[in-house]
Amino acid sequence: MQLDTREIVPRLRALESLAIIPRVASTNLIARRVVNECIENELSLPQAMIIAGEQFAGRGRNDRRWSSPAGKGIYATTLLTRSAQELPLVPLAMANTLASYLRDTFAIEARIKWPNDILVDHKKIAGILIEARLQENRAYLLIGTGINVEPVNDEHRPNATAIRELTTRNFDGIENATLAFIEHIDARLARPLDHDEVLAEWRSLSIHQPGDRIQCVLGDRTITGTWNGIDEHGRALLQSAGETIAISAGDLVLAPSS
Amino acid sequence: MNFKEILELIDKVAESGIAGVEVEQGGTKVRIEGKQSHSKVFTYTGEVKPGESHSIPMAALPPPAPAAAAPAPSPQAVPAGTHVLTSPIVGTFYRSASPDSGPFVEVGSRIKKGQVLCIIEAMKLMNEIESDVDGVVAEIYPSNAQPVEFGEPLFAIRENS
C-alpha cells in the first residue's frame, strides 16, 4: 500500500496516529499489545488506527476466520477511549459508521443486521469485532473492522459480497478506498456520541422490519419471535408468545418469512 | 472445620493436582475434587453448626434436584476474606478468549488485581472483566457460554491476607 501516513495524519481531527503495516497476524493482536502496554504502565491510550495490507490470522467473532488476503480488503483496528456510560452505544455507532461509509463513498445500499453486521442484499460486506477493557470509568476499546473490497473466492464465506461487485461509481482502487475509510472514521470520531442520534441513524439503516421473523440463539436456548425494534439501550426487542423480550446478547438468525 | 480451613484445603488440592479429598470431622463431611473432575468443585454434606458465622455459598451446595439450577449466592453468604466479583453488565459469559484457547483462570489460580478473568459479550462487544483484588479463585459460578445478568456473581476470590 502506497499511502503516506505523513500526508494523512495532519488532516485528521480525532485520530492522533496512524500505522499502515504491509502484513500482520491481525491488527487486533497488535492493538491488544498497545492496550496492555498502556494499562501496565498507566499511560493514556493513543487514539490511533492500525491498518494492515494483509492479515494472515484475521479473526471475527467466536474465532471465526476472517479471510484477509493482500489487496482484497480494508483490515483495520481503531484504538479509542470512551466513558463506561458510552460503551453500549459503541457497537451501534460503529455499524452506522461503516454503513454510511459504504453509502456515501460508493452509493452501496448497505444495511445493518442487529447489532452490527453490515449486509447488502443479505450478503455480508463488512464485519466488526470490538473488544473492551474497563478501567474504573474508562473503557479502552479495540475496534476491529474488515471490509471486503475485491471479491474473494473463499469457501469460508460463501455468503459474502464486495465493494467492487456493488458500486455504481467509478471505483479507483483499494488505496483510495482505504484513504476514504480513514477520513470517514476520523470525521465520525470527531463528533461527540449523541445517544438519540445514534439510535435514530441505526434504525434508519436497519435491515429489520417490524414483524420480521427472528430467531435468537443464546447458549443452548433459542427464542423465536418477531422483530419489534430496538429499545433505548440498543437491545433487540423480540415479540414472542405475547411477551416483549429485550435481547442484549446472542446471535440473531433471520428466519425466512412464511 | 471452619471455612478458612476448607478454602486452604481447596488450594492444597488445586496445587497438588490430585483428584480430590474427603474429610469428615464432627459430623461435617467435606469432599473436594480437583481439576480432573467435571463436577462441582466441592460439596459440603455436613451440617452447619448453629452460631457458625460463616455460611456456605449456595452454589457450592449440591442442587436440590438435577433439573433445578443452583441459586446464585448472595455476596452476604460468602465468608469474610472472600470477595465475590459480580457481572457489571448483562451478557454471555466466556471463560476463554476464544473457543480454541485455554481458560483465563481455573479454581485455585492465583490472580493479581487487574488480571483478566473472563469475557462477557454484550451487543457483540467483548468486555474483558478484570479482577479487582489479589487472591486465589475459590469458585467460578457460571458455566462457559452461559447468559449472565447484571450483578450476578461470577467468581469467588479468596483475598490475600
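Let me start with a definition: the expected span of a helix is 1.5 Å times one less than its number of residues. Keep that in mind as we look at this model, which is a predicted one.

Our helix is α3 of chain A, residues 90-106. With 17 residues at 1.5 Å each, α3(A) should span 24 Å, and its end C-alpha atoms do lie 24 Å apart, so the two values agree. Most of α3(A) is covered, with 14 of its 17 residues buried. Right after the helix comes Ala107(A), which has a positive phi, near 55°.

Now, what is around that helix? In general, nonpolar side chains in soluble globular proteins tend to be buried together. Here the largest nonpolar core has 63 residues, and Tyr101(A), Leu102(A), Ile118(A) and Ile163(A) touch the most other members. Helix α3 of chain A supplies the largest share of this core, 10 residues. Both domain 1 (5-205) and domain 2 (213-254) of chain A give the core at least three residues each. If you want one residue to click on, try Ile163(A): among its contacts are Tyr101(A), Leu102(A), Phe106(A) and Phe171(A).

Let's move to where the chains meet. How many residues does each chain bring to the contact? Chain B brings 20 and chain A brings 28. Together they bury about 1,900 Å², with carbon and sulfur atoms giving 53% of that area. On the chain B side, Met123(B), Lys124(B) and Glu128(B) lose the most area to chain A, together 41% of what that side buries. Glu128(B) also forms a salt bridge with Arg133(A), at 3.7 Å from N to O. Across this interface there are three salt bridges. Thanks for listening!

Notes
Residues numbered from 1 in each chain as written. Chains lettered and ligands numbered in written order. Predicted model: local features only at pLDDT ≥ 70, side-chain atom pairs only at ≥ 80, totals over all residues. Heavy atoms only, no water. Core = buried A, V, L, I, M, F, W, Y, C linked by side-chain atoms within 4.5 Å. Buried < 20%, exposed > 50% of the residue type's maximum accessible area, 1.4 Å probe, protein only. Helix = DSSP H or I, 4+ residues; strand = E, 2+ residues; numbered from the N terminus. Domains from an automatic or database assignment. Contact = heavy atoms within 4.5 Å. Buried area = accessible area lost by both parts, 1.4 Å probe. Salt bridge = Lys/Arg side-chain N within 4 Å of Asp/Glu carboxyl O. Lists of a residue's contacts leave out its neighbours within four places in sequence.
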